[in-house]
Amino acid sequence: MLLFSHLDSHKHKDKHKDREHRHKEHKKDKEKDREKSKHSNRSIVVQVPPHSGPSSFRSLVIQIPRHSSRLGLLEIGLNLNHSEHKDSEKKHKEKEKTKHKDGSSEKHKDKHKDRDKEKRKEEKVQNFPVEKEEIKASGDAKIKKEKENGFSSPPRIKDEPEDDGYFAPPKEDIKPLKRPRDEDEWEEERYPEGIKWKFLEHKGPVFAPPYEPLPENVKFYYDGKVMKLSPKAEEVATFFAKMLDHEYTTKEIFRKNFFKDWRKEMTNEEKNIITSLSKCDFTQMSQYFKAQTEARKQMSKEEKLENEKLLKEYGFCVMDNHRERIANFKIEPPGLFRGRGNHPKMGMLKRRIMPEDIIINCSKDAKVPSPPPGHKWKEVRHDNKVTWLVSWTENIQGSIKYIMLNPSSRIKGEKDWQKYETARRLKKCVDKIRNQYREDWKSKEMKVRQRAVALYFIDKLALRAGNEKEEGETADTVGCCSLRVEHINLHPELDGQEYVVEFDFLGKDSIRYYNKVPVEKRTGILNKHLQDLMEGLTAKVFRTYNASITLQQQLKELTAPDENIPAKILSYNRANRAVAILCNHQRAPPKTFEKSMMNLQSKIDAKKEQLADARRDLKSAKADAKVLKDAKTKKVVESKKKAVQRLEEQLMKLEVQATDREENKQIALGTSKLNYLDPRITVAWCKKWGVPIEKIYNKTQREKFAWAIDMADEDYEF
DNA sequence: ATACCGACTTAGAATATGGTAA
DNA sequence: TTACCATATTCTAAGTCGGTAT
């Protein structure tokens with residue numbers, strides 16, 4: 001699906017440029033087609049089976065069901081009655097509630113068959129974040145203060161990452177699906193309504209190093225003449241110089257925005273002289289920085305040491321009873337804004353963040369971090385309804401930036417877990433929802449029909465919700481609910497198929513269809529509807545659900561029991577790839593792709609040659625053995641055989657690697673792996689087939705998914 | 001209602017790292 | 001030992017979504 005690669009430019013103001021862009025896109029498409037043809041199981045035009053989720057992933061074109069007409073997916077008659085469904089849902093919810101209210105007594109009287117499961121679940125849930133003794137310890141948290149590490153922190157802080165007991169889940173049955181209700185309930189036990197922590201202490205952010213003026217010998221030229229810039233103007237100039245090799249600096253908008261902001265930093269004299277960016281010569285600066293980068297590489301050892309020190313000092317905080325890794329404790333340095341796509345603000349100056357911009361968040365009983373000497377914080381607050389430690393307002397969009405915890409932290413892990421549990425609940429009712437939205441296509445109410453079509457796209461194509469965004473503030477991009485007429489084409493018949501909807505955000509070769517587009521305008525309404533269908537259901541849950549279920553399906557389908565580990569890993573990657581394609585996680589083909597493929601190929605060739613040699617040796621050894629028949633020659637034969645085997649294996653490994661890399665040329669696996677695939681599916685698969693988890697998850701990923709690694713056994717079902 | 005904003009997740013590019021070939 | 005490359009990590013932009021102000 002190319003939907004997202006087209007999002008950048010559908011404003012057709014500049015015709016020439018646009019054509020250029022389209023051309024590029026087209027080329028991309030062709031490349032994709034080529035790749036597609038390698039995998040015959042994927043087709044360009046997708047048919048929608050009556051009751052299914054995503055079936056094919058590379059589709060640009062989707063066939064819509066027979067009963068929809070060209071004049072709108074919406075012109076579908078009939079009435080629809082939700083009430084039955086809604087009522088039953090409501091009843092269900094009610095039941096849940098009462099269950100929870102008197103939960104304690106219920107344990108004794110409940111004859112429900114799920115009872116034991118429920119109980120186990122509860123235990124598990126309590127175990128998840130902290131071990132029992134730690135829970136007990138939390139009571140003294142506030143009393144003990146001023147520890148040697150400078151934190152006035154509670155006792156028994158766990159150094160989490162190495163500690164595999166951290167998430168201490170039960171080893172027993174994990175199959176019963178938890179309803180998030182349970183998690184909420186448990187959350188409520190520990191943290192009533194929205195409370196995220198009780199104790200939070202940290203050292204504050206690390207600021208960007210101050211600007212160091214350029215050495216005298218590095219010159220800036222204006223209109224061919226040397227010019228010494230004032231420190232402020234010089235600093236901003238260096239931001240541009242550092243990007244000189246980048247395509248950005250050739251873009252009109254980028255240059256215009258940069259120049260405007262740069263001039264603001266100039267002295268009056270400078271402003272008078274420097275009136276045109278094209279007369280500026282930054283090449284010496286640029287070269288100087290390149291040399292600096294080189295030099296820094298040489299002393300990377302000292303640099304590393306320094307970084308480690310910084311990490312140790314500022315990279316951790318204490319949240320409740322745990323010492324937790326902080327994700328981004330360094331404040332973003334000043335520079336030029338690099339928006340993605342056709343961003344109207346690219347090139348603008350991202351100003352330096354000062355302590356006076358910073359809001360510190362920590363608990364009242366924590367030691368407040370001290371601002372750098374001579375400075376003070378904008379504010380210190382104690383808001384335990386949020387998870388961030390530090391925030392500031394950025395000057396490009398005026399949005400707030402945060403310092404938060406690492407994915408390995410308890411607070412992030414729990415949330416992640418919860419996310420997949422919600423997706424699993426969707427699994428239980430997805431058929432019902434699919435039937436309903438198909439019914440809703442026939443509704444006489446336009447809004448209902450629109451909503452149903454939007455939902456269908458979200459489910460079928462894993463589209464994002466598509467919130468409204470401020471025009472002119474960001475690049476013009478769309479999602480499901482913000483699709484515009486120019487992004488869609490309906491064909492009663494195309495390439496031999498009937499009723500085809502063509503999504504083409506660039507609209508290159510398509511004819512415009514000037515009619516109302518069958519999509520919901522306001523996502524709020526959509527999400528409200530989803531909430532009625534299932535508690536906690538929002539548009540993005542479909543992405544999570546469809547991604548995870550696809551991984552599970554694909555793994556089942558692709559894993560051949562007898563194949564060796566490298567082949568299994570290829571199968572895993574292919575399953576992962578199916579998901580990445582579904583979610584449209586693309587990447588620019590690596591700059592060195594061709595070369596690296598060639599390298600690999602020559603390795604393969606070399607290996608083949610070795611193998612041929614080894615086989616020849618084996619043959620002659622066998623011949624010798626036939627004649628001589630002594631123990632020594634037999635041994636030789638054996639060792640030659642082994643050598644051949646070893647080489648065969650190595651060759652196979654290389655070939656698998658080549659296939660994998662080729663298939664992965666413009667697909668990014670990381671995003672789905674990190675954000676959409678229930679890690680327990682992967683853990684279970686690894687256990688089932690004896691694939692070491694390290695082959696699939698690197699260190700960081702293992703840390704992030706520690707909860708799942710502990711939790712899932714080989715029978716886990718999403 | 002709608003607009004707006006705050007908090008949080010998701011995302012690909014840029015950069016650093018560390019192992020291996022030369 | 002260095003150059004090179006693949007992979008891991010960092011960086012921060014750009015989404016989603018729900019709550020609150022208008």
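**Group meeting: DNA strand B and two spots in the protein**

Let's start right at the DNA: Arg-543 puts a polar side-chain atom 2.8 Å from a phosphate oxygen of DNA strand B. Keep in mind that what we're looking at is a predicted model.

Arg-543 has company. Tyr-402 also has a polar side-chain atom 2.8 Å from a phosphate oxygen of the strand, and for Lys-412 that distance is 2.4 Å. So much for single atoms; which elements give two or more residues to the surface near DNA strand B? They are strand 15, at 400-403, helix 12, at 410-440, helix 15, at 539-558, and helix 19, at 670-675. Helix 12 gives the most, with 3 residues.

Now zoom out a little. There are 28 residues around DNA strand B, and the ones that come nearest are His-246, Lys-412, Arg-464, Thr-671 and Tyr-676. You'll have heard Lys-412 a moment ago, with its polar atom by a phosphate oxygen. What kinds of residues make up this surface? By class, 14 are charged, 7 are polar and 7 are nonpolar. And on the DNA side, if you take the atoms of strand B within 4 Å of the protein, 91% are sugar or phosphate, with bases making up the rest.

Okay, next stop: a pair of helices. Helix 7 covers residues 231-242 and helix 8 covers residues 252-265; their axes come within 8 Å and cross at roughly 160°. Because of that angle, helix 7 is roughly antiparallel to helix 8. As for handedness, the crossing is right-handed.

Who touches whom here? From helix 7 we have Lys-232, Ala-233, Val-236, Ala-237 and Phe-240, and they meet Phe-254, Arg-255, Phe-258, Trp-262 and Glu-265 of helix 8. Sorted by class, this contact has 7 nonpolar residues, 3 charged ones and no polar ones.

Last spot, and it's a single residue. Where does Lys-378 lie? You'll find Lys-378 in the loop between strand 12, at 359-361, and strand 13, at 379-381. Try finding Ile-358 as well: Lys-378 and Ile-358 are 20 residues apart along the chain, yet 5.2 Å separates their C-alpha atoms. If we set aside neighbours within four places in sequence, Lys-378 is in contact with Pro-355, Glu-356, Asp-357, Ile-358 and Ile-359.

That's my tour; over to you for questions.

Definitions and conventions:
Residues numbered from 1 in each chain as written. Chains lettered and ligands numbered in written order. Predicted model: local features only at pLDDT ≥ 70, side-chain atom pairs only at ≥ 80, totals over all residues. Heavy atoms only, no water. Near = heavy atom within 4 Å. Polar contact = N/O pair within 3.5 Å; in protein donor to acceptor, adjacent residues only side chain to side chain. Helix = DSSP H or I, 4+ residues; strand = E, 2+ residues; numbered from the N terminus. Nonpolar A, V, L, I, M, F, W, Y, C, P; charged D, E, K, R; others polar. Axes fitted to C-alpha atoms, helices over the stretch in contact; angles between N-to-C directions. Parallel < 35°, antiparallel > 145°, perpendicular 65-115°, else oblique. Left-handed = near helix turned anticlockwise from the far one by under 90°. Contact = heavy atoms within 4.5 Å.
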